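Reader: I should like to go through this structure with you before I return to the bench. May I put some short questions as we look at it?

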Amino acid sequence: INVAPNSIPTGYSWLQISARASGHMASLSFALTMLPVAKCNVLLSAMGLGWEEVLHWHRGLGATSFFLMTFHMSLWWIKWSLEGVLWENIFPSNTNAWLWVSPVVNHYENFTIVMSHLSWCLLLFTVMLAWWGRRSMYHLFYLVHQMTLIVMIIGLVHAWSFWYFAL
């Protein structure tokens with residue numbers, strides 16, 4: 001095993017690998033969710049498809065990406081719980097070090113965990129509104145959907161590999 005300096009294996013590498021893989025899958029499905037959004041999409045026109053014909057893909061991929069983001073976040077929470085650093089990761093007490101990924105390695109640059117949790121709450125609100133209030137509160141539904149661009153921007157900052165999928 002090739003171990004980075006100042007890193008001690010905790011025995012939960014399978015959780016870390018699963019969490020990272022589910023994060024990549026969430027990035028891919030979130031990026032694909034954006035394809036059928038525009039009513040005047042050149043790609044869809046080239047394939048001879050109308051916006052209405054692919055709207056179910058937007059809904060399905062949106063639900064899939066939300067599930068995978070939740071799964072990604074849950075796997076990290078489980079790993080951090082097993083290592084005993086869950087609260088230090090979710091609510092960092094040291095403002096100079098925003099995150100501990102493991103008990104022995106500080107990652108000062110990863111300030112996006114707190115932002116990601118907040119954006120997940122916005123995404124949860126979006127999903128709930130899409131399921132229960134889309135027709136009765138359409139203007140709010142539309143506004144909240146526009147705000148999911150914030151979730152995408154935070155995703156781009158949080159996971160640099162998301163750039164590959166989003167572009």
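Author: Let us begin with a definition: the expected span of a helix is 1.5 Å times one less than its number of residues. Please note also that this is a predicted model.

Reader: What span should helix H5 have, and how far apart are its end C-alpha atoms?

Author: Helix H5 covers residues 112-132, which makes 21 residues, so at 1.5 Å a residue the expected span is 30 Å. The end C-alpha atoms of H5 are 30 Å apart, in agreement with that value.

Reader: Which residues of H5 are buried?

Author: The buried residues of H5 are Thr112, Ile113, Ser116, His117, Ser119, Trp120, Leu122, Leu123, Thr126, Val127 and Leu129.

Reader: And what covers them?

Author: The cover over the buried residues of H5 includes helix H3 (55-83), helix H4 (86-90) and helix H6 (138-158).

Reader: How does H6 compare with its expected span?

Author: H6 has 21 residues, so at 1.5 Å a residue it should span 30 Å, and its end C-alpha atoms are indeed 30 Å apart. The buried residues of H6 are Phe141, Val144, Thr148, Val151, Ile154, Gly155 and Leu156. H1, H5 and H7 are among the elements that cover them.

Reader: Stepping back, how many helices and strands does the protein have?

Author: The protein has seven helices and zero strands. Buried residues account for 35% of its 167 residues.

Reader: What share of the contacts joins residues 24 or more positions apart?

Author: Of the contacts with a separation of 6 or more, 59% are between residues 24 or more positions apart.

Reader: Which residues touch the most other members of the largest nonpolar core?

Author: That core has 14 residues, and those touching the most other members are Phe30, Phe66, Met69, Trp120, Leu123, Val151 and Phe162. Two or more residues of this core come from each of helix H1 (13-33), H3, H5 and H6. There is also a second, separate core of nine residues, which includes Leu15, Trp80, Val85 and Leu86.

Reader: Taking Phe30, what does it touch beyond four places in sequence?

Author: Phe30 touches Ser65, Met69, Thr148, Val151, Met152 and Phe162.

Reader: Is its neighbour Ser29 buried or exposed?

Author: Ser29, which is found in helix H1, counts as buried because its relative accessibility is 6%, and the limit for buried is under 20%. Leaving aside neighbours within four places in sequence, Ser29 is in contact with Leu61, Thr64, Ser65 and Leu68. Ser29 and Ala63 are 34 residues apart in sequence, with a C-alpha to C-alpha distance of 9.2 Å.

Reader: And why does Leu28 count as partly exposed?

Author: Leu28 also lies in helix H1, and it counts as partly exposed because its relative accessibility is 31%. The partly exposed class runs between the limits of 20% and 50%.

Reader: Which residues make the nonpolar surface patch, and what is its area?

Author: The patch is made by Met25, Leu28, Leu32, Leu35, Leu43, Met47, Leu49, Tyr164 and Phe165, and its area is about 840 Å². H1 and helix H7 (162-166) each supply at least two residues, and H1 gives the most, with three.

Reader: What is the accessible surface of the protein as a whole?

Author: The accessible surface comes to about 10,800 Å², and 70% of that belongs to carbon and sulfur atoms.

Reader: Turning to charges, how many salt bridges does a search of the whole structure find?

Author: The search finds one salt bridge. Lys79 forms it with Glu83, and the closest N and O atoms are 2.7 Å apart. Both residues lie in helix H3, four residues apart, which is about one turn of the helix.

Reader: Why would that separation suit a pair within one helix?

Author: An α-helix has 3.6 residues a turn, so residues three or four places apart point the same way.

Reader: Are Lys79 and Glu83 buried or exposed?

Author: Lys79 is buried, with a relative accessible area of 3%. Glu83 is buried as well, with a relative accessible area of 13%.

Reader: One last residue: where is His72, and what is it in contact with?

Author: His72 is in helix H3 and is buried, with a relative accessible area of 16%. Apart from neighbours within four places in sequence, His72 is in contact with Ala19, Arg20, Ser22, Gly23 and His158.

Definitions and conventions. Residues are numbered from 1 along each chain as its sequence is written. This is a predicted model: local features need pLDDT of at least 70, side-chain atom pairs count only at pLDDT 80 or more; totals for chains, interfaces and linings use all residues. Side-chain values use heavy atoms; hydrogens and water are left out. Buried means under 20% relative accessible area, exposed over 50%, partly exposed in between (1.4 Å probe, protein chains only). Contact means heavy atoms within 4.5 Å. A nonpolar core is a set of buried Ala, Val, Leu, Ile, Met, Phe, Trp, Tyr and Cys residues joined through side-chain atoms within 4.5 Å. Patches are made of residues with over 30% relative accessible area and no salt bridge: like charges are joined within 9 Å, nonpolar side chains (Val, Leu, Ile, Met, Phe, Trp, Tyr) within 5 Å. Accessible areas come from the Shrake-Rupley method with a 1.4 Å probe; for residues, only the protein chains shown count as cover. A salt bridge is a side-chain nitrogen of Lys or Arg within 4 Å of a carboxyl oxygen of Asp or Glu.
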